[in-house]
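This report introduces a protein chain to a reader who has not met it before. It treats the overall fold, the interior and the surface in turn.

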Amino acid sequence: METARILVLVAATVTCGLSAGLFYAYVCSVMPALARVEDRMFIEVMQRVNVAILNGWFVLGFVGALLTTAASVALHLPSDGHDALPATVAALVLYVAAIGVTRSVNIPLNDELAAAGAPKEITDPAAVRGRFEARWARFNVLRALLCTSALGCLAWALVLDGQG
């Protein structure tokens, strides 16, 4: 049981790290780079990214982090001297909050951007971009902070588990 507990906690830490890194990369590089392009190009690139990201590699990290973190909590419930339970619960709460932000803000914004149509056919691309960019980027920073905090909690849980 102890080996399973540690392996699942490691898997949760790695997959959560993948999600935190993804959102962090957008904060540091993708959105600042796109801030420098004209409106139609911005819309086209974000529309393409929003389609391309829906793949198995993304699901592995994004959904994998949820499943492995929840499994880690479950495996730490019979805590019998394991002090890692509070850290794993905190990680799960933080990660679920990041999913909530994604589902309630970023995905609807992505859907609105897709519904705007082909960038070449949009009559007012500045308005489409204006409704999307700042809000999407702001909430992506929140996702990055939530996932990074969850990652920190999982790393701390690994430390605590190693002391048990």
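## Overall fold

From the N terminus on, the elements of the chain follow the order α-α-α-α-α. The model is a predicted one, and its chain holds five helices and zero strands. Along the principal axes, the C-alpha atoms fill a box of roughly 65 × 25 × 20 Å. Of the contacts with a separation of 6 or more, 83% join residues 24 or more positions apart.

The chain has 164 residues, and buried residues make up 38% of them. The area that the chain exposes is about 8500 Å², of which carbon and sulfur atoms supply 69%.

## Nonpolar cores

The largest nonpolar core contains 22 residues, and C16, Y95, C147 and L154 have the most contacts inside it. Helices α1, α3, α4 and α5 each supply at least two residues of this core. Its largest share comes from α5, with eight residues. Apart from this core lies another, of 13 residues, which includes L34, L109, V128 and W136.

Two residues illustrate the contacts made across the chain. Leaving aside residues up to four places away in sequence, Y95 touches C16, S19, G61, F62, A65, L66, C147 and A150. Two of these partners, C16 and C147, are listed with Y95 among the residues with the most contacts inside the largest core.

The other example is T88, which lies in helix α4, residues 85-115. T88 counts as buried because its relative accessibility is 0%, and the cut-off for buried is under 20%. With residues up to four places away in sequence again not counted, T88 touches L9, T69, S72, V73, H76 and A157.

## The largest pocket

The largest pocket holds about 460 Å³ of space. Its lining is made of 22 residues, and those nearest its centre are L54, F58, T102, I107 and N110. Two or more lining residues come from each of α1 (2-34), α2 (39-52), α3 (56-76), α4 and α5 (125-163). Helix α4 gives the most to this lining, with eight residues.

The table sets out the lining of the largest pocket by class.

| Class of lining residue | Number in the largest pocket |
|---|---|
| Nonpolar | 14 residues |
| Polar | five residues |
| Charged | three residues |

Helix α4 thus appears in several parts of this account: α4 contains T88, supplies at least two residues of the largest nonpolar core, and gives the most to the lining of the largest pocket.

How values were computed. Residues numbered from 1 in each chain as written. Predicted model: local features only at pLDDT ≥ 70, side-chain atom pairs only at ≥ 80, totals over all residues. Heavy atoms only, no water. Helix = DSSP H or I, 4+ residues; strand = E, 2+ residues; numbered from the N terminus. Buried < 20%, exposed > 50% of the residue type's maximum accessible area, 1.4 Å probe, protein only. Contact = heavy atoms within 4.5 Å. 1 Å grid on protein atoms, 1.4 Å probe; cavity = no way out; pocket = protein on both sides within 12 Å on 5 of 7 lines; lining within 4 Å. Points joined across faces, edges and corners; volume = space filled by probe spheres on them. Nonpolar A, V, L, I, M, F, W, Y, C, P; charged D, E, K, R; others polar. Core = buried A, V, L, I, M, F, W, Y, C linked by side-chain atoms within 4.5 Å. Areas by Shrake-Rupley, 256 points an atom, 1.4 Å probe, with all protein chains shown as cover.
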